[in-house]
Every structure is written in C-alpha cells, then in structure tokens.
There are 2 protein chains.
Amino acid sequence: MAEAPRYDDSLTIALLRAREAVTSQFRNHVAAGGLTLPQWRVIRALAGGTELDTTTLAHRCVILAPSLTRIIKHLEGRGLIEKVPARDKRQRVVRLTADGEAMFTEMWVVSKAKYAAIEDAFGTEEMRDLVATLNRLRAVLEDKS
Amino acid sequence: MAEAPRYDDSLTIALLRAREAVTSQFRNHVAAGGLTLPQWRVIRALAGGTELDTTTLAHRCVILAPSLTRIIKHLEGRGLIEKVPARDKRQRVVRLTADGEAMFTEMWVVSKAKYAAIEDAFGTEEMRDLVATLNRLRAVLEDKS
DNA sequence: CTTAATTACTTAACATGTGAATTAAATCAG
DNA sequence: CTGATTTAATTCACATGTTAAGTAATTAAG
C-alpha cells in the first residue's frame, strides 16, 4: 500500500494557499471597479504612461500570452487601454488611456493601503525576506532546468 | 501623474512566479500520465484508500467546489475514482479505484523524487522555513478578515 | 409533525490557465 | 534579392478559477 503522503506541509499546497490568502485581500476591491485581478495587474503595469508590448506585459504580469490577448481585447473595449503604433508591426504595444489612468489612480489609493496593512500585520522585514526567499526559490528552480 | 509602482518586489507577483516555478517542475510529468495538476492533487489526496467528501477534498487540494465537481466527473469517467455510499445523502464521498491507486503509485515514485530534488537544490531547512512562513502569512491574513 | 433555515453539492456563465497550431512580420543564409 | 528560419501575436480547444443561482437533503424552530 502506498504511503499516505503529508499534504499540508507540501510546498505546492502552501504556495497555493498563501497566494489565495494574499490575492483575496484585493479581489473584492478590484471587483468593485469592475475588474478582475489579472486585469488589474495589467492596468497597474501600464500605470504612469508606460507603453509595453504584449510579451513584456505578459512577463511582468505573470499572464500567459493567450490570456493576455483576451484581456487586452476586453480592456480596449472598455476604453481603458489603447494601441500604440510600433516600429515592429508584429508587436502590439499598448498604454493606458486617460480613463485607464484615472481608474488606476482611484483604485491605487485603496490598493496601496491594503498592501501596507498586510505589511503591517505580517512585518515589514519578514515580508521583504519572504519576497527575497520566493525569488531565490525561483532562481534555483530555473537553474535546474 | 501617478507614481509608477515597483512590481517585481510585489508579494503578489513573487507568489505567482514562485508557484509557477514550482508547479512547472511537475506539470510535464503528470501530463505524461494524462493528468492535469489539479487532477493529480485530487488523486494524491485520495491515495492509500482515503475516502473523502467533496468539501474536505476541495479544501485539501485548494480547488473550488465547482471545479472539483468537474474534476470528479472527469476522473470518474476515466475509472480512476468511484463514489462511496454516504450516510448523508447530500455528500459525495469518493475514493480511488484499483486503477486509481495504481496510477498514483506509478506517478508518485517520480513525483516524490522531483520534490526531493527541489528540496536538495533549495535546502531542506530553508524549505521547511519557507512553508512555515507561508502558513504564518496565511494565518495572519485570515485573522485580519 | 411541519415548515423555515442551513448545508452540500451542482449548474450556469464568464474569465483565465494551458498547450498546440496558425498567421504575419522580421531576420538570416546564400 | 529570394527562400528558409525565427519571432510576436492570435486563435483554438479544453481545463480550471470565480461568483451567483439553483437543487436536494439535513437540521432546527414552532
């Protein structure tokens, strides 16, 4: 009979749960603005007049290309982002519209406060350490490949 | 003009990337067995003759109920899990079939080795600390609610 | 015992995750 | 300059994430 593996101690499960715990702190807020969390990540990445192509945007927001195609279409339809002509005509470069910047500015106030509250509850130094540890884990795994 | 927020230092992004880095170590392996990662989590949770209702299973595997409904239907159709009569007729209690146990046993060998390799590359103690930290983060956030 | 409230799960609708195949544009070899 | 290769996005097909609504069974209130 196969041993019944511990599961609560699993790194995979711990990461899933932690991610859910953190993102759920923001989900209601961005939903009140009619956005999903992936959509909000895109808005945030473009804030402040930043112009980005799809590949860079996908990487920064941790969204796969097919999903990003749909999200861009959606946000463009809502008038929150717009295309920018690019030298390389294969690329789709986008930026926030004035409405998009306004949406970001309005949401960012509360979003930043929520992030600060998490930092406050968990510990500023502990949080910085955790992010560093997570990035180191990623670096180690990417080297293995 | 809104300040352009740092993004690589974001806890949310770090968690997303770390989760992706870890799960991607297993995705190809379970895909070779015709399974997705959520499906594999279900199989694993039921390994060793464990019988579980949908709610408990959903919690342990970090899968939402509607997704689990579909996954159970899928795995049952493949003959890897089966229903168990329950006193409470609202509940759906399931367990692995003989085929399901065989599938788990076969996949678990490699899966366990891959997990050990991660532990080896990242550090046993560091990994235990990381899991503990992630669980503490979750506890802190759940208290805030 | 009967009905209201609760619980466990399912269904529905839409958004995203994921891998494979496609299309269009840029780059490269000859 | 031409054809082969590579690159950037998109499209397709299917699985899961997410919320809200719906159904059936249990429990609780009277």
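## Contacts with DNA strand C

In this predicted model, a backbone N or O atom of Lys89(A) lies 3.0 Å from a phosphate oxygen of DNA strand C, a polar contact being a pair of N or O atoms within 3.5 Å; within protein, one must be able to donate a hydrogen and the other to accept it, and residues adjacent in sequence count only if both atoms are side-chain atoms. A phosphate oxygen of the strand is also 2.7 Å from an N or O atom in the side chain of Thr69(B). Arg70(A) reaches a base instead: an N or O atom of its side chain is 2.8 Å from a base nitrogen of DNA strand C. Two or more residues of the surface near this strand come from each of α2 (37-46) and α4 (65-77) of chain A, and α1 (11-32), α3 (54-61) and α4 (65-77) of chain B. Helices (H or I, at least four residues) and strands (E, at least two) are DSSP runs, numbered from the N terminus.

There are 27 residues around DNA strand C, and Arg70(A), Thr55(B), Thr69(B), Arg90(B) and Arg92(B) come nearest. Sugar and phosphate make up 69% of the atoms of DNA strand C within 4 Å of the protein. A residue is near a strand if one of its heavy atoms lies within 4 Å of it. The surface comprises 7 nonpolar, 8 polar and 12 charged residues (Ala, Val, Leu, Ile, Met, Phe, Trp, Tyr, Cys and Pro count as nonpolar, Asp, Glu, Lys and Arg as charged, and the others, Gly among them, as polar).

## Contacts with DNA strand D

Phosphate oxygens of DNA strand D lie 2.8 Å from a polar side-chain atom of Arg27(A), 2.8 Å from a side-chain N or O atom of Thr69(A) and 3.0 Å from a polar side-chain atom of Lys73(A). The elements giving two or more residues to the surface near this strand are α3 (54-61) and α4 of chain A, with α2 (37-46) and α4 of chain B.

DNA strand D is surrounded by 26 residues, the closest being Arg27(A), Thr55(A), Thr69(A), Arg92(A) and Arg70(B). Of its atoms within 4 Å of the protein, 68% belong to sugar or phosphate and the rest to bases. By class, the nearby residues are 7 nonpolar, 8 polar and 11 charged.

## Chain A and the relation of the copies

Chain A has 6 helices and 3 strands, in the order α-α-β-α-α-β-β-α-α along the sequence. Its C-alpha atoms fill a box of roughly 60 × 35 × 30 Å, taken along the principal axes.

A turn of 180° and a shift of 0.0 Å along the axis lay chain A on chain B with an RMSD of 0.0 Å; the two copies are thus related as by a two-fold rotation axis. The superposition is by least squares on the C-alpha atoms of residues with pLDDT of at least 70 in both copies. In chain A, the C-alpha of Leu15(A) is nearest the axis, 3.5 Å from it. Because 100% of the interface residues of chain A are also interface residues in chain B, the copies meet through the same surface (contact means heavy atoms within 4.5 Å).

## Basis of the description

Residues are numbered from 1 along each chain as its sequence is written, while chains are lettered from A and ligands numbered from 1 in the order in which they are written. For this predicted model, local features need pLDDT of at least 70, side-chain atom pairs count only at pLDDT 80 or more, and totals for chains, interfaces and linings use all residues; side-chain values use heavy atoms, with hydrogens and water left out.
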